[in-house]
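Here are my notes on the structure, written as numbered points for someone who is meeting it for the first time. Please keep the sequence and the model open beside the text while reading.

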Amino acid sequence: MGDPFMARAIQLSVDNVLSGQGGPFGAVIVRAGEIVAEGVNRVTSTNDPTAHAEVVAIRAACGALGAFLLEGCEIYASCEPCPMCLGAIYWAHLERIYFGNAAADASKVGFDDSFIYRQFAQPVGDRSIPMVRMMSEEAQVAFRAWGEKTNKLLY
C-alpha cells in the first residue's frame, strides 16, 4: 500500500479525466498529516490556462488557512509540477513536493513543458515571445514607494 496522500492526488487525476472536467492532474496540500485542500486541472472547463491542479490546490489552501504563505505544508501532485506550478509552489513556501508521474511521462501524452524550461534559459531578446522593456523609469515609482513603505508584508 502506498502513501494515502499521493493515492488521493492520483485518484483526483483519474477522476478528473473520467468526468471530462480537465486534464489528468490532481494535487493535495497537507499540513500536520491532514489534507488542507485539493485541486484538479480545470484549464479547459474554466477557460483558465493557470488552473493547473497545483495552482487550484494552492488557492484553496490559502483560502482555507487564511494565509498567503503555506509554510508547514507539503504538496502531493500526480505529476511533476510544470514551470508555472513550480513557481507558485516556491512563492507559497510549501516545504516539500511529492510527485507521481515525471515530466517526461507527461510529455508522452501531450503535456510537454520542456519548451518552457528552454525558454527560461534564453536571454530575454532570444525568447519566442518577444519581450520589450519600456517605461522603466516610470515603473520604478512603485518600487521606490515599496522600498519606503515601513509596514509592508514581505513574501
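**Notes on the sheet, helices and pockets**

1. In this predicted model, strands β3 and β4 run parallel to each other and pair over five bridges. Within the pairing, Ile 75 stands opposite Ile 97 in β4. As general background, the strands of a sheet pair through backbone hydrogen bonds, and the pairing may be either parallel or antiparallel.

2. The sheet to which these strands belong is open and has four strands in the order β2-β1-β3-β4, with mixed pairing. Its edge strands are β2 (34–40) and β4, each of which pairs on one side only. On average, and with direction ignored, neighbouring strands of the sheet are turned by 15 degrees against each other.

3. Helix α1, which covers residues 4–19, packs on this sheet and touches β1 (26–31), β2, β3 and β4. The direction of α1 makes about 150 degrees with that of β1.

4. To place these parts in the whole, it helps to know that the chain has seven helices and four strands, which follow one another along the sequence in the pattern α-β-β-α-α-β-α-β-α-α-α. The C-alpha trace spans about 55 × 40 × 25 Å along its principal axes. Of the 155 residues in the chain, 28% are buried. Among contacts with a separation of 6 or more, 47% join residues that are 24 or more positions apart.

5. Which residues of helix α4 are buried? In this helix, made of residues 83–92, they are Pro 83, Cys 85, Ile 89 and Ala 92. An α-helix has 3.6 residues a turn, so residues three or four places apart point the same way. The buried residues of α4 pack against two helices and two strands, namely α3 (53–65), α6 (114–121), β3 (73–79) and β4 (96–101). After α4 comes His 93, with a positive phi near 65 degrees.

6. Two further residues deserve a look for their backbone angles. Asn 47, in the loop between α2 and α3, has a positive phi near 55 degrees although this residue is not a glycine. Met 135, in the loop between α6 and α7 (136–148), is likewise not a glycine and has a positive phi of about 50 degrees. Are these residues buried or exposed? Asn 47 counts as exposed because its relative accessibility is 69%, and Met 135 is exposed too, with a relative accessible area of 55%; the cut-off for exposed is over 50%.

7. The largest pocket holds about 300 Å³ of space. It is lined by 20 residues, of which Phe 25, His 52, Cys 82, Phe 111 and Asp 113 are the closest to its centre. The elements that give two or more residues to this lining are α2 (43–46), α4 and α5 (103–108). By class, the lining of the largest pocket contains eleven nonpolar, five polar and four charged residues.

8. The second largest pocket holds about 200 Å³ of space. Its lining is formed by Phe 115, Ile 116, Gln 119, Phe 120, Arg 127, Ser 128, Ile 129 and Met 131, which divide into five nonpolar residues, two polar ones and one charged.

Conventions. Residues numbered from 1 in each chain as written. Predicted model: local features only at pLDDT ≥ 70, side-chain atom pairs only at ≥ 80, totals over all residues. Heavy atoms only, no water. Buried < 20%, exposed > 50% of the residue type's maximum accessible area, 1.4 Å probe, protein only. Contact = heavy atoms within 4.5 Å. 1 Å grid on protein atoms, 1.4 Å probe; cavity = no way out; pocket = protein on both sides within 12 Å on 5 of 7 lines; lining within 4 Å. Points joined across faces, edges and corners; volume = space filled by probe spheres on them. Nonpolar A, V, L, I, M, F, W, Y, C, P; charged D, E, K, R; others polar. Pairing = 2+ DSSP bridges. Axes fitted to C-alpha atoms, helices over the stretch in contact; angles between N-to-C directions.
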